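Dear colleague,

I am handing over the structure we spoke of, and I would be glad if you could look through it with the notes that follow. They go from one residue outwards to the chain as a whole.

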Amino acid sequence: MRYCGKCGSQLEPFIEDGRERRRCPDCGWVWLGSPAPVVLVLAVSEDGRILYTRRRTWPKGAWALVAGFVETGETAEQACLREVREEAGIQATDPLYLGSLSWMDQLLLCFRVKLMPGPVLPGSDADEVELAPPQLERIPANWPAHRPVEQHLRRRVSGPSA
């Protein structure tokens, strides 16, 4: 945002609590940002495999999880199911909220879903999709998808209550 939502003056950057924000020099209105809601989906098959996605533009060998914007008029849970269907051509059920992450200008809402049996085929937002055992090393450590897979592996080792 470049202009004040109250008076229309041009906003100026300032630092508050270690974060860069924008403030109106005339009326003092502060724009706090407006992160876009995105679902990050840990899709797990009945036999424990995870649905990984890949785009050609990513670094060699880098995979991620299904992810996509929550569209107007849908819930985050509906977005999870839609994104799995769009990216991998497979149905999913039972979205379970795992937590949230902040990533650039996005609020990532992390969910786990159960995959229905069937083939996976790359859709509109993925060049490759693959069902594979949980493997943390497939996802770059600084990518947001790393955390849900790491937590999933930790839960499998310590049991469902962890």
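I begin with Arg138, which sits in the loop between β9 and α2 (146-158). Please keep in mind throughout that this is a predicted model. Arg138 has a relative accessible area of 11%, and because residues under 20% are classed as buried, Arg138 is buried. Its side chain makes a polar contact of 3.1 Å with the side chain of Glu130. If neighbours within four places in sequence are set aside, the residues in contact with Arg138 are Tyr52, Gly61, Ala62, Trp63, Glu130 and Ala132.

Thr93, which is placed in strand β7, offers another local picture. With a relative accessibility of 26%, Thr93 counts as partly exposed, because that class lies between the 20% and 50% limits. The side chain of Thr93 is joined to that of Asp94 by a polar contact of 3.4 Å, and beyond the neighbours within four places in sequence Thr93 is in contact with Leu81, Val113, Lys114 and Met116. Thr93 and Ala43 are separated by 50 residues in sequence, while their C-alpha atoms are 9.3 Å apart in space.

Turning to the helix α1, which covers residues 76-88, its 13 residues should span 18 Å at 1.5 Å a residue, and the C-alpha atoms at its ends are indeed 18 Å apart, so that expectation and model agree. The buried residues in α1 are Ala76, Ala79, Cys80, Arg82, Glu83, Val84, Glu87 and Ala88. As a general point, an α-helix has 3.6 residues a turn, so residues three or four places apart point the same way. Which strands help to cover the buried residues of α1? The cover includes β4 (36-44), β5 (50-54), β6 (66-69), β7 (92-103), β8 (106-115) and β9 (128-132). Just after α1, Gly89 adopts a positive phi of about 65°.

Among the strands, there is an open sheet of three in the order β1-β2-β3, with antiparallel pairing. Since β1 (12-16) and β3 (30-31) stand at the edges of this sheet and each has a single partner strand, one side of each is left without a neighbour in the sheet. Strand β2 (residues 19-23) runs antiparallel to β3 and is joined to β3 by two bridges, with Arg23 standing opposite Val30 in β3.

Strands β4 and β6 also run antiparallel, and four bridges join them; the bridge partner of Val41 in β6 is Val66. Val66 and Gly68 form the covered face of β6, whereas Ala67 and Phe69 form the uncovered one.

The strand β6 comes up again in the largest pocket, which holds about 530 Å³ of space. Of the 20 residues that line this pocket, Trp58, Ala64, Leu65, Ala67 and Gln106 lie nearest its centre. The elements that each give two or more residues to the lining of the largest pocket are β4, β6, α1 and β8, and β6 gives the most, with three residues.

As for enclosed space, one cavity of 30 Å³ or more was counted, and the largest cavity contains about 50 Å³. Its lining is made up of Leu98, Gly99, Ser100, Leu101, Cys110, Arg147, Pro148 and Gln151. Both β7 and α2 supply at least two residues of that lining, and β7 gives the most, with four residues.

Finally, for the chain as a whole, there are two helices and nine strands, and from the N terminus on the elements run β-β-β-β-β-β-α-β-β-β-α. The C-alpha trace spans about 60 × 35 × 30 Å along its principal axes, and buried residues account for 40% of the 162 residues in the chain. Among contacts between residues at least 6 apart in sequence, 56% join residues at least 24 apart.

With best wishes

Terms used
Residues are numbered from 1 along each chain as its sequence is written. This is a predicted model: local features need pLDDT of at least 70, side-chain atom pairs count only at pLDDT 80 or more; totals for chains, interfaces and linings use all residues. Side-chain values use heavy atoms; hydrogens and water are left out. The expected span of a helix is 1.5 Å times one less than its number of residues. Buried means under 20% relative accessible area, exposed over 50%, partly exposed in between (1.4 Å probe, protein chains only). Contact means heavy atoms within 4.5 Å. A polar contact is a pair of N or O atoms within 3.5 Å; within protein, one must be able to donate a hydrogen and the other to accept it, and residues adjacent in sequence count only if both atoms are side-chain atoms. Two strands pair if DSSP finds at least two bridges between them. On a 1 Å grid over the protein atoms alone, a cavity is a set of points where a 1.4 Å probe fits but cannot get out, and a pocket is an open set with protein on both sides within 12 Å along at least five of seven lines; lining residues have an atom within 4 Å of a point. Grid points are joined across faces, edges and corners, and a volume is the space filled by probe spheres set on the points.
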